[in-house]
Amino acid sequence: MLLDRQSDHGSVQVGTKYRRPGGLEGPPQVAEVQGVVDDRNGIPHVRFLLSYERANHTFEDGPRTLSLAAFVRCYKDPI
């Protein structure tokens, strides 16, 4: 995925952390935004680091990338 142009990305800001509730899909997750940029087609994407706790251990994964629309659907709660 080639990311290059920046545009207005609303309230998603670099350095902000967002929480995704747990449930049937597993434990709650925290995403820390590393960057928000548009791809060549003008579609905004969020690059983030993911962390979650399981059995008293914190796991970190990433970086990951989602479209801005998918990110705000999944990670609704800023912390």
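A residue counts as exposed when its relative accessible area is over 50%, and as buried when that area is under 20%. Keep those cut-offs at hand for this tour of a predicted model.

**Stop 1: His 57**

Select His 57. You are in strand 5. Is His 57 buried or exposed? Its relative accessibility is 51%, and the cut-off for exposed is over 50%, so His 57 counts as exposed. Now show its side chain. It reaches the backbone oxygen of Ala 55, at 2.8 Å.

**Stop 2: the whole chain**

Zoom out and colour by secondary structure. The protein chain has one helix and six strands. Follow the ribbon along the sequence and the pattern reads β-β-β-β-β-α-β. The chain holds 79 residues, and buried residues make up 27% of them. Consider the contacts with a separation of 6 or more: 42% of these come from residues 24 or more positions apart.

**Stop 3: strands 3 and 4**

Select residues 29-39 for strand 3 and residues 44-54 for strand 4. The two run antiparallel, and nine bridges join them. Pick one bridge to look at. Val 33 has Phe 48 of strand 4 as its bridge partner.

Move to the hairpin of these strands. Four residues lie between strand 3 and strand 4. Click Gly 42, which takes a positive phi near 85°.

**Stop 4: Asp 39**

Stay close to this turn of the tour and select Asp 39, in strand 3. Asp 39 is buried, because its relative accessible area is 11% and the cut-off is under 20%. Which backbone nitrogens lie 2.9 Å from a polar atom of the Asp 39 side chain? One belongs to Asn 41. Another belongs to Ile 43. Draw both distances in the viewer.

**Stop 5: strands 4 and 5**

Keep strand 4 and add residues 57-67, which make up strand 5. This pair also runs antiparallel, joined by nine bridges. Find Glu 53 and look across. Thr 58 of strand 5 stands opposite.

The hairpin of strand 4 and strand 5 has two residues between the strands. Select Ala 55 and then Asn 56; both sit in this loop.

- Ala 55 is not a glycine, but its phi is positive, near 55°. At 66% relative accessibility, Ala 55 counts as exposed.
- Asn 56 is not a glycine either, and its phi is positive, about 60°. Asn 56 is exposed, with a relative accessible area of 80%.

Recall Stop 1: the backbone oxygen of Ala 55 is what the His 57 side chain reaches.

**Stop 6: a cis peptide bond**

Slide along strand 5 to Pro 63. Where is the cis peptide bond? It runs from Gly 62 to Pro 63, and its omega is near 5°.

**Stop 7: the aromatic rings**

Show every Phe and Tyr side chain. The whole structure contains five aromatic pairs. Select Tyr 52 and Phe 59 for one of them. Their ring centres are 5.6 Å apart and their planes meet at 25°, so the pair is stacked; the cut-off for stacked is under 30 degrees. Tyr 52 is partly exposed, with 24% relative accessible area. Phe 59 is partly exposed as well, at 36%.

Next, select Tyr 18, Phe 48, Phe 71 and Tyr 75. These form one aromatic cluster. Add Arg 20 to the view. Arg 20 lies over the face of Tyr 75, at 5.8 Å from the ring centre.

**Stop 8: the nonpolar core**

Here is the general background. In soluble globular proteins, nonpolar side chains tend to be buried together.

How many residues does the largest nonpolar core have? Eleven. Select them in turn:

- Val 12 and Tyr 18
- Ala 31, Val 33 and Val 36
- Val 46, Phe 48 and Leu 50
- Leu 68, Phe 71 and Tyr 75

At least two residues of this core come from each of strand 3, strand 4 and helix 1, which spans 68-74.

Some of these names are familiar. Val 33 and Phe 48, the bridge partners from Stop 3, are both core residues. So are Tyr 18, Phe 48, Phe 71 and Tyr 75, the members of the aromatic cluster.

Definitions and conventions. Residues are numbered from 1 along each chain as its sequence is written. This is a predicted model: local features need pLDDT of at least 70, side-chain atom pairs count only at pLDDT 80 or more; totals for chains, interfaces and linings use all residues. Side-chain values use heavy atoms; hydrogens and water are left out. Two strands pair if DSSP finds at least two bridges between them. Buried means under 20% relative accessible area, exposed over 50%, partly exposed in between (1.4 Å probe, protein chains only). Rings of Phe, Tyr and Trp (its six-membered ring) pair if their centres lie within 6.5 Å; planes under 30 degrees apart count as stacked, over 60 as edge-to-face and the rest as tilted. A charge sits over a ring if NZ of Lys or CZ of Arg is within 6 Å of the ring centre and within 35 degrees of the ring normal. A nonpolar core is a set of buried Ala, Val, Leu, Ile, Met, Phe, Trp, Tyr and Cys residues joined through side-chain atoms within 4.5 Å. A polar contact is a pair of N or O atoms within 3.5 Å; within protein, one must be able to donate a hydrogen and the other to accept it, and residues adjacent in sequence count only if both atoms are side-chain atoms. Contact means heavy atoms within 4.5 Å.
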